[in-house]
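Trainee: Could you take me closely through one part of this structure and then show me how the rest of the chain fits around that part? I would enjoy a connected walk rather than a list.

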Amino acid sequence: MEDDDDVPALSAETFAALQEFYAEQQKRQEILEKLESQKQLNENILFDENWQLSQFWYNESTVQALVKIIDKVVPDGGKVALISCPTLFVPAKRHVGSRIDVLLLEHDRRFEVHGTDYMFYDFNFPEKLPADLNHSFDLVVADPPYLSEECITKTSQTIKLLAKEKIVVCTGAIMKDHVEKLLNLKQCAFQPKHRNNLANEFSCYSNFDLDDILR
């Protein structure tokens with residue numbers, strides 16, 4: 001008979017980590033069950049906007065345009081990172097998820113329901129990312145949540161860390177100089193639109209001919 005003393009005990013730190021893991025799993029399951037009961041799992045947008053997080057969802061034509069860009073730019077077996085633009089995740093996953101990896105980096109933990117395709121992201125810690133993600137994405141699409149120099153500067157750090165080369169940024173037109181200076185992107189003719197019209201004019205910026213793809 002084995003001696004109970006030989007059974008290794010979990011450290012307090014390990015036990016706390018396990019508790020946190022199971023709590024997150026339970027929370028994710030509860031959200032999924034709620035979405036399923038509300039028949040929302042087949043919708044492109046699973047959650048309502050949270051204006052406290054400066055969330056404003058794209059309208060359908062904008063979603064279709066950006067998903068088309070992803071489809072045309074990212075090769076089979078490639079990867080796209082979506083930074084702070086959760087509206088794109090489900091449509092992109094449905095349209096191209098069978099041939100490329102789609103990763104959502106987002107502050108809103110409701111999107112944890114997407115499992116390993118979701119990663120918590122806080123622009124205040126722009127380089128707090130797994131090292132294996134560095135320069136591993138064929139395309140990075142970002143929509144910084146706030147129209148501030150601090151936000152675009154820190155989000156740009158993340159973008160440059162993740163991107164191999166191709167970048168798309170959707171943000172307010174007033175951020176044009178910052179985007180061009182920080183990321184060397186050019187303003188596109190294509191203009192993102194939102195489901196709820198915003199007072200701020202929005203623009204799209206890229207380092208490749210995005211407009212040509214949409215013609």
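**A close look at one helix and its surroundings**

Mentor: Happy to. Let's start with helix α4, residues 149-162: its 14 residues reach 20 Å from the first C-alpha to the last, close to the 20 Å expected at 1.5 Å a residue. Please keep in mind that this is a predicted model.

Now for the side of α4 that is hidden. Its buried residues are Cys-151, Ile-152, Thr-155, Ser-156, Thr-158, Ile-159, Leu-161 and Leu-162. What covers them includes four strands, β1 (79-83), β2 (101-106), β4 (137-142) and β5 (163-172), along with helix α5 (176-183).

It helps to place α4 in the whole chain. The secondary structure comes to six helices and seven strands, and from the N terminus on the elements run α-α-β-α-β-β-β-α-β-α-β-β-α. Of the 215 residues in the chain, 43% are buried. Among contacts with a separation of 6 or more, 64% are between residues 24 or more positions apart.

From α4 we can step to α5, one of the elements that cover its buried residues. Glu-180 lies in this helix, and with a relative accessibility of 23% it counts as partly exposed, because the buried class ends at 20%. The side chain of Glu-180 makes a polar contact with the side chain of Lys-176, at 2.9 Å. Once neighbours within four places in sequence are set aside, Glu-180 is in contact with Leu-185 and Gln-187. If you look further along the chain, Asn-207 is 27 residues from Glu-180 in sequence, and the two C-alpha atoms are separated by 9.7 Å.

Next, consider α2, whose buried residues pack against β1, β4 and β5 as well as α3 (89-96) and α6 (210-214). Those three strands also appear among the elements covering the buried residues of α4. Helix α2 has 14 residues and reaches 20 Å between its first and last C-alpha, close to the 20 Å expected at 1.5 Å a residue. Its buried residues are Thr-62, Val-63, Ala-65, Leu-66, Val-67, Ile-69, Ile-70 and Val-73.

Thr-62 of α2 deserves a pause. With a relative accessibility of 1%, Thr-62 counts as buried, and its side chain makes a polar contact with the side chain of Asn-59 at 2.9 Å. Not counting residues up to four places away in sequence, Thr-62 touches Phe-190, Gln-191, Pro-192 and Lys-193.

The packing can also be read from the side of α3. There the buried residues are Phe-89, Val-90, Pro-91, Ala-92 and Val-96, and they pack against α2, β1 and β2.

On to the aromatic rings. A search of the whole structure finds two aromatic pairs. In one of them, Trp-57 and Phe-111, the ring centres are 6.3 Å apart and the planes stand at 85 degrees, so the pair is edge-to-face. Trp-57 sits in the loop between α1 (12-37) and α2 (60-73), while Phe-111 sits in the loop between β2 and β3 (118-120), so the pair ties together parts that are 54 residues apart in sequence. Both Trp-57 and Phe-111 are buried.

Rings also meet lysines here. Lys-79 lies over the face of Phe-137, at 4.5 Å from the ring centre. The charged end of Lys-128 sits over the ring of Phe-125, 5.6 Å from its centre.

Finally, the cysteines. A disulfide is a covalent bond between the sulfur atoms of two cysteines. The structure holds zero disulfides, and two cysteines show how the distances work out. The sulfur of Cys-85 has its closest cysteine sulfur in Cys-170, at 7.3 Å, which is too far for a bond. For Cys-170 the closest cysteine sulfur is in Cys-204, at 4.1 Å, and that is also too far for a bond, because a disulfide needs the sulfur atoms within 2.5 Å. Cys-85 is buried, with a relative accessible area of 2%, and Cys-170 counts as buried at 0%.

To return to where we began: the buried residues of α4 are covered by elements including β1 and β5, and those two strands are also among the elements against which the buried residues of α2 pack.

Conventions: Residues numbered from 1 in each chain as written. Predicted model: local features only at pLDDT ≥ 70, side-chain atom pairs only at ≥ 80, totals over all residues. Heavy atoms only, no water. Expected span 1.5 Å × (residues − 1). Buried < 20%, exposed > 50% of the residue type's maximum accessible area, 1.4 Å probe, protein only. Contact = heavy atoms within 4.5 Å. Polar contact = N/O pair within 3.5 Å; in protein donor to acceptor, adjacent residues only side chain to side chain. Phe/Tyr/Trp six-rings, centres within 6.5 Å; stacked < 30°, edge-to-face > 60°. Lys NZ or Arg CZ within 6 Å of the ring centre and 35° of its normal.
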